[in-house]
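Subject: Structure handover

Hi,

Here is the structure we talked about. Please open it alongside this note; what I found follows below.

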Amino acid sequence: MPCRVGGSGKINEEEALPRGTSRKLFLEAKSLGKVLGSLSRVVMVGESMPGGTTTALSILRALGIGDYNSTSSSSNINPVDIKKKVVERALERARGVSDPFEINDIAGDPLHISVAGMAVGILSANSYAILAGGTQMLAALALMKSSGESFNEESVAIARTRWVYEDRGEEMVKIVKRISPGSSILYINLNFSDSPFEGLRAFEKGFVKEGVGAGGASILAISRGVSMEGLKASIYKEYESLIERK
């Protein structure tokens, strides 16, 4: 039976999810991960969620990890003060709570707990899990470690873009070493400064920084023999086709 997700997403005003939802999401995602892991030796899990860096920060802080500068932003100016105000309100309700599933019900979201469950399931099938995303994947990794599930840390990697690396690279390394020392952090050295499209050149000005698994997908492409120039040409072609559909 699929888990029904409620909640408003306003963690500064009310609980993120109905109590018990996070554990159900984790277990259902774990089952899906097992299936995916049985079909491939490497499984990449990407993410895309508005406000996700704020809820990721809330999860990390509730678990006692990192500080208020630990997560990145899709904006070129990270609104740390706004995030801090939102997270502090959420953490008031989570004070004294140690169970990661309850923490996520109070101050998290449905995405990070699902990514964590899926990754655990993938690993239980003896496959390699690539968490393709920016600083949000720190929250997913933290939930994996605090869930009580055992997994091979060396079979987990966080894959992100150069823009995330340049923005929060040092913080990510410190947090991953604390959470899961055996796990890896990878990044792809993409550069869109020569792009004919203003929307892609915005990456070089500090906007967006990631995408729906953009770093991980690019790394996989390079690992399979695609050249950097070939990868960029494909990205530009796809971007152009999207613009033409408008």
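Helix 5 and helix 6 are oblique to each other. This is a predicted model. The two helices pack at an angle of about 60°, and their axes lie 8 Å apart. An angle between 35 and 65 degrees falls outside the parallel and perpendicular classes, so about 60° counts as oblique. The crossing of helix 5 past helix 6 is right-handed.

Which residues make the contact of helix 5 with helix 6? From helix 5 come Leu111, His112, Ile113, Val115, Ala116, Ala119, Val120 and Leu123. They meet Gln136, Met137, Ala139, Ala140, Leu143 and Met144 of helix 6. By class, that contact holds 12 nonpolar residues, two polar ones and no charged ones.

Helix 6 covers residues 136-146. Nine of its 11 residues are buried, so the rest of the structure largely encloses this helix. The buried set is Gln136, Met137, Leu138, Ala139, Ala140, Leu141, Ala142, Leu143 and Met144. Just past the end of helix 6, look at Gly148: its phi is positive, at about 95°.

Now the sheet. It is open, with four strands in the order 1-2-3-4 and parallel pairing. Strand 1 (42-46) and strand 4 (184-188) are the edges, and each pairs on one side only. On average, neighbouring strands are turned by 25° against each other, direction ignored. Helix 5 (residues 110-124) packs on this sheet. It touches strand 1, strand 2 (128-132) and strand 3, and its direction makes about 160° with that of strand 2.

Strand 3 spans residues 156-161 and pairs with strand 4 in the parallel sense over five bridges. To find a partner pair on screen, start at Arg160: its bridge partner in strand 4 is Tyr187.

There is a further helix pair to check. Helix 2 (residues 52-62) and helix 3 (residues 80-94) pack at about 50°, with axes 9 Å apart. That angle makes helix 2 oblique to helix 3. Their crossing is right-handed.

What meets what here? Helix 2 brings Thr53, Thr54, Leu57, Ser58, Arg61 and Ala62. Helix 3 brings Lys83, Val86, Val87, Ala90 and Leu91. The residues of this contact divide into six nonpolar, three polar and two charged.

Best wishes

How values were computed. Residues are numbered from 1 along each chain as its sequence is written. This is a predicted model: local features need pLDDT of at least 70, side-chain atom pairs count only at pLDDT 80 or more; totals for chains, interfaces and linings use all residues. Side-chain values use heavy atoms; hydrogens and water are left out. Two strands pair if DSSP finds at least two bridges between them. Axes are lines fitted to C-alpha atoms, for helices over the stretch in contact, and angles run from 0 to 180 degrees between N-to-C directions. Contact means heavy atoms within 4.5 Å. Angles under 35 degrees count as roughly parallel, over 145 as roughly antiparallel, 65 to 115 as roughly perpendicular and the rest as oblique. A crossing is left-handed if the near helix is turned anticlockwise from the far one by less than a right angle, and right-handed if clockwise. Ala, Val, Leu, Ile, Met, Phe, Trp, Tyr, Cys and Pro count as nonpolar, Asp, Glu, Lys and Arg as charged, and the others, Gly among them, as polar. Buried means under 20% relative accessible area, exposed over 50%, partly exposed in between (1.4 Å probe, protein chains only).
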